[in-house]
Amino acid sequence: MTRLKAHPGIGPEVRGLALVARDDFSARYDLDRVQGVFSRQSHALFGQSYVGRILVLNTAKGGVASAWMLRDMVERGLAPAGLLFNRVNPILAQGAVFANLPLMDRFEGDVTDLIASGDEIVLDPARGIVTILRRVAEGG
């Protein structure tokens, strides 16, 4: 079990599988919010479902539409379980609060290197801790 320290975050504690890319993230331009998949062809996660996964990405991009988009995805059951970034912008942070979606950033190291897709992780935003319960490379 590995623990990663970050800045205290937003939202409730959550457990799930990570979906990781070094790419940036825009709820508006990167996602098909009806199908629940990454839709921008140039995104490293193109075609993959984000629903119920903990997204681990470099940084957030985009504007105010992200706030209502995150909440809409949560209300329709087509949202990620949580969001981890190296750095996040205030607009996406506000959107996470509006959607009650766990969000953390400012890790001690590049979070896209520290976590791999398929790792089982627990986010504890209030304490600023991510626990890696099982690494995908361990296979069990």
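A nonpolar core here is a set of buried Ala, Val, Leu, Ile, Met, Phe, Trp, Tyr and Cys residues joined through side-chain atoms within 4.5 Å. Keep that in mind for the exercises, and remember that the model is predicted.

**Exercise 1. Find the hubs of the largest nonpolar core and say which elements feed it.**

Step 1: Start with the members. The largest core holds 24 residues, and those touching the most other members are Phe25, Phe38, Leu55, Leu70, Leu83, Phe85 and Leu92.

Step 2: Map the core onto secondary structure. At least two residues come from each of β5 (54-59), α1 (65-75), β6 (82-87) and α2 (90-99). The top contributor is α1, with four residues.

Step 3: Zoom in on one hub. Leaving out residues up to four places away in sequence, Leu70 touches Ala27, Leu83, Leu92, Gly95, Ala96, Ala99 and Leu101.

Step 4: Look for a second core. There is another one, apart from the first, with 17 residues, including Val20, Leu84, Ile121 and Leu123.

**Exercise 2. Work out which side of α1 faces inward, and what it packs against.**

Step 1: List the buried positions of the helix: Ala65, Ser66, Ala67, Met69, Leu70 and Met73.

Step 2: Check their neighbours. The buried residues of α1 pack against β3 (31-32), β6 and α2.

Step 3: Walk off the end of the helix. After α1 comes Gly77, with a positive phi near 75°.

**Exercise 3. Lay out the seven-stranded sheet and explain what is special about β1 and β7.**

Step 1: Get the inventory. The protein has nine strands and three helices, and along the sequence they follow β-β-β-β-β-α-β-α-β-α-β-β.

Step 2: Order the sheet. Seven strands make an open sheet, β1-β9-β8-β2-β5-β6-β7, and the pairing is mixed.

Step 3: Inspect the ends. β1 (2-5) and β7 (103-104) each have a single partner strand, so one side of each has no neighbour in the sheet.

Step 4: Take one edge in detail. β1 runs antiparallel to β9 (residues 129-134), and four bridges join them. One bridge to look up: Lys5 partners Ile129 in β9.

**Exercise 4. Classify the aromatic pairs by geometry and place them in the chain.**

Step 1: Count them; there are two aromatic pairs.

Step 2: Take Phe25 and Phe85. Their ring centres are 6.0 Å apart with 45° between the planes, which makes the pair tilted. Phe25 sits in the loop between β2 (14-20) and β3, whereas Phe85 is in strand β6, 60 residues apart. Both Phe25 and Phe85 are buried.

Step 3: Take Phe38 and Tyr50. The centre-to-centre distance is 6.0 Å and the planes make 85°, an edge-to-face pair. Phe38 belongs to strand β4 (residues 37-38) and Tyr50 to the loop between β4 and β5, 12 residues apart. Phe38 and Tyr50 are buried too.

**Exercise 5. Test the fold against the compact-globule rule, then describe its packing.**

Step 1: Compare radii. For 140 residues the rule expects a radius of gyration near 14 Å; the protein has 13 Å, so the two agree.

Step 2: Get the dimensions. The C-alpha trace spans about 35 × 30 × 25 Å along its principal axes.

Step 3: Check burial and surface. Buried residues make up 48% of the 140. About 6500 Å² is exposed, with carbon and sulfur atoms supplying 51% of it.

Step 4: Look at contact range. Of the contacts between residues at least 6 apart in sequence, 65% join residues at least 24 apart.

Technical notes: Residues numbered from 1 in each chain as written. Predicted model: local features only at pLDDT ≥ 70, side-chain atom pairs only at ≥ 80, totals over all residues. Heavy atoms only, no water. Buried < 20%, exposed > 50% of the residue type's maximum accessible area, 1.4 Å probe, protein only. Contact = heavy atoms within 4.5 Å. Pairing = 2+ DSSP bridges. Rg over C-alpha atoms; globule rule 2.2 N^0.38 Å. Areas by Shrake-Rupley, 256 points an atom, 1.4 Å probe, with all protein chains shown as cover. Phe/Tyr/Trp six-rings, centres within 6.5 Å; stacked < 30°, edge-to-face > 60°.
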